[in-house]
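Here's a quick tour for someone meeting this structure for the first time. Have a look at it, then read on.

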Amino acid sequence: IFGEEMQYVELELDPQEAVIAEAGTFMMMEDGVKMDTIFGDGSKQNEGFLGKVLGAGKRLLTGESLFMTIFTNQVPGKKKISFASPYPGKVIPIDLTEYGGKFVCQKDAFLCAAKGVAIGVEFSRKLGRGFFGGEGFIMQKLEGDGMAFVHSGGTTAKKVLAPGE
């Protein structure tokens, strides 16, 4: 992760390795990386058309596009690709295995992730959070076992909560 106020993340892709990204976050890439637009997030390759439409439709609820971009290293050597935060703030790396394979964040927080990470929707069940929390009832859910990167506006603070907090 590079930068201060306007951060970006640089990833190194092995041959045939791929990364998915939100539309509008791509910054730069080296020659040999192929860019494709896909319907949905590409996490469920064997899913039928109706399942893909339903999954992509959920993304519309968070204000995201139906489509995502996938970047694949097509050459034998390692290649670099970078994604930038769309507004001032911090880029936060999330290892989904450390969170039981699921991480919930505010809508519009997703930046990029390893191919296979599912980007879905999580509905808040707390009325107070939905009305007064400022984020509404709909949040983004990242599921899988890879690395994901999210961005947060402004300065971030980490707080480890004890049981019951």
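## Pocket, sheet and core

The largest pocket has a volume of about 620 Å³. A pocket here is an open set of points on a 1 Å grid over the protein atoms alone, where a 1.4 Å probe fits, with protein on both sides within 12 Å along at least five of seven lines; lining residues have an atom within 4 Å of a point. Of the 16 lining residues, Ile-92, Phe-103, Ala-157, Lys-158 and Lys-159 are the closest to the centre. S8 gives the most to this lining, with four residues.

By the way, this is a predicted model: local features need pLDDT of at least 70, side-chain atom pairs count only at pLDDT 80 or more, and totals for chains, interfaces and linings use all residues. Residues are numbered from 1 along each chain as its sequence is written, and side-chain values use heavy atoms, leaving out hydrogens and water.

Now the sheet: six strands (DSSP E runs of at least two residues) make an open, antiparallel sheet in the order S4-S5-S2-S9-S12-S7. Strands pair if DSSP finds at least two bridges between them. S4 and S7 each have a single partner strand, so one side of each lacks a neighbour in the sheet.

| Edge strand | Residues |
|---|---|
| S4 | 33-39 |
| S7 | 89-95 |

Further in, three bridges join S2 to S9, and Ala-21 sits opposite Cys-112 in S9.

What about Phe-110? Along with Ile-20 and Leu-142, Phe-110 has the most contacts (heavy atoms within 4.5 Å) inside the largest nonpolar core, which has 17 residues. Such a core is a set of buried Ala, Val, Leu, Ile, Met, Phe, Trp, Tyr and Cys residues joined through side-chain atoms within 4.5 Å, with buried meaning under 20% relative accessible area (1.4 Å probe, protein chains only).

Notes. Buried < 20%, exposed > 50% of the residue type's maximum accessible area, 1.4 Å probe, protein only. Points joined across faces, edges and corners; volume = space filled by probe spheres on them.
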